[in-house]
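Please open the model in your viewer and keep the sequence panel beside it, ready to select residues by number. The tour goes from strands to charged side chains.

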Amino acid sequence: AGDAYGGGALSEGGVLTNCLIAGNSAQFRGGGVNGGVLRNCILSGNSALTGGGTMDSILYDCTLTGNRAEGEGGGAYGQMLYRCTLTGNSAGLMGGGAASAGLSNCVISANSCEGVGGGARGCWLYGCVVSDNTAPDGAGVSMGDLYYCSMIGNVAVTQGGGALAGNLYNCVLTGNSAAVGGGTHGSTLYNCTVLGNAATQWGGGTIWGSIYNSVVCYNHSDVAYDNCAFPDEIRYSCTTPDPGGDNTGADPLLVNAVAGDYRLRPESPCINVGNSSYVSWPSDMD
């Protein structure tokens with residue numbers, strides 16, 4: 001404990017398997033572990049300036065809980081995480097769960113930070129569930145690229161409950177909230193579904209940013225713009241009021257939004273009316 005790097009373990013190319021790494025600290029980087037590969041490990045209650053749980057490590061099937069970074073990356077900073085669970089981690093500046101990392105099929109839940117990105121900051125996410133994270137700005141994810149992710153119940157004090165300044169592809173955002181931009185703030189959405197988010201001021205669904213081939217409906221704002229506030233561009237999308245052009249204000253006819261089934265029914269007016277030039281990945285989730 002108390003080392004400059006890797007309070008629990010400083011691993012240069014090593015592998016840790018089925019380990020419990022708890023209660024360690026590092027002065028600068030990697031409170032639990034700095035570097036190396038971790039498999040089926042638990043990292044709990046570690047702390048550092050950057051990367052409270054891990055720094056520049058590759059993680060498979062690990063759990064990171066209750067770790068703390070005074071700077072960035074409460075749970076993890078850097079490298080890749082596969083099928084990991086990050087919960088209850090915190091950061092003083094950015095990325096309560098993770099920062100500057102790649103995450104594949106991970107659960108990022110109930111993390112927090114005092115700055116930007118309660119769940120993650122500056123990360124690449126694929127197939128992740130990002131839920132119930134908190135931050136002043138960008139409670140779910142800030143400045144990230146998200147593919148096939150679900151953003152659920154994240155709460156930002158000011159802006160971007162689900163996502164702030166991100167690029168989202170085939171994502172679902174529901175139950176997120178903020179003062180402005182309950183679902184997203186300043187983000188670009190492709191083939192996304194944005195439902196049931198809320199803002200206490202403007203933009204229950206989205207504010208600023210661009211929207212393509214997406215459904216943005218049934219969101220709420222206490223002041224104005226329930227669904228889309230001041231979009232930079234909105235094309236081939238479904239929202240109300242109808243923006244005109246190649247968009248529609250018709251009911252998207254979801255299978256069962258109350259039960260969380262946001263697929264389109266066979267008779268939905270949103271089927272086969274998108275523009276394929278906005279799709280650059282091989283599969284389209286229905």
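What follows is a list of selections, each with a note on what is there.

Before you begin, keep in mind that this is a predicted model, in which local features need pLDDT of at least 70 and side-chain atom pairs count only at pLDDT 80 or more, while totals for chains, interfaces and linings use all residues. Residues are numbered from 1 along each chain as its sequence is written, and side-chain values use heavy atoms, with hydrogens and water left out.

**The open sheet**

Start with the strands, which are DSSP runs of E with at least two residues, numbered from the N terminus; two of them pair if DSSP finds at least two bridges between them. Strands of a sheet pair through backbone hydrogen bonds, either parallel or antiparallel. Here an open sheet of 11 strands, with parallel pairing, follows the order E2-E6-E10-E14-E18-E22-E26-E30-E34-E38-E42. Select residues 9-10 and then 228-229, and you have its edge strands, E2 and E42, each of which pairs on one side only.

Next, select residues 98-99 and 120-121, where strands E18 and E22 run parallel and are joined by 2 bridges; within this pair, Ala99 has Arg121 of E22 as its bridge partner.

**From E25 to E33**

Now move to residues 134-137 and 155-159, which are strands E25 and E29, parallel and joined by 3 bridges. Asp137 has its bridge partner, Gln159, in E29. Then add residues 177-180, strand E33, which pairs with E29 in the parallel sense over 2 bridges, and look for Val155, whose bridge partner in E33 is Ser177.

**Charged side chains**

Side chains of opposite charge can pair when their charged atoms come close. A salt bridge is counted when a side-chain nitrogen of Lys or Arg lies within 4 Å of a carboxyl oxygen of Asp or Glu, and the count comes to 8.

Show the side chains of Arg68 and Glu70, whose closest N and O atoms are 3.1 Å apart in a salt bridge. Then show Glu114, which also forms a salt bridge with Arg68, at 2.9 Å between the closest N and O atoms. This second pair links distant parts of the chain, since Glu114 is in the loop between strands E21 (112-113) and E22 and Arg68 is in strand E13 (residues 68-69), 46 residues apart. Arg68 is partly exposed at 21% relative accessibility, a class that lies between buried (under 20% relative accessible area) and exposed (over 50%), using a 1.4 Å probe and protein chains only.

Finish at Glu233 and Arg235, whose side chains meet in a salt bridge at 3.9 Å, N to O.

Definitions and conventions. Helices (H or I, at least four residues) and strands (E, at least two) are DSSP runs, numbered from the N terminus.
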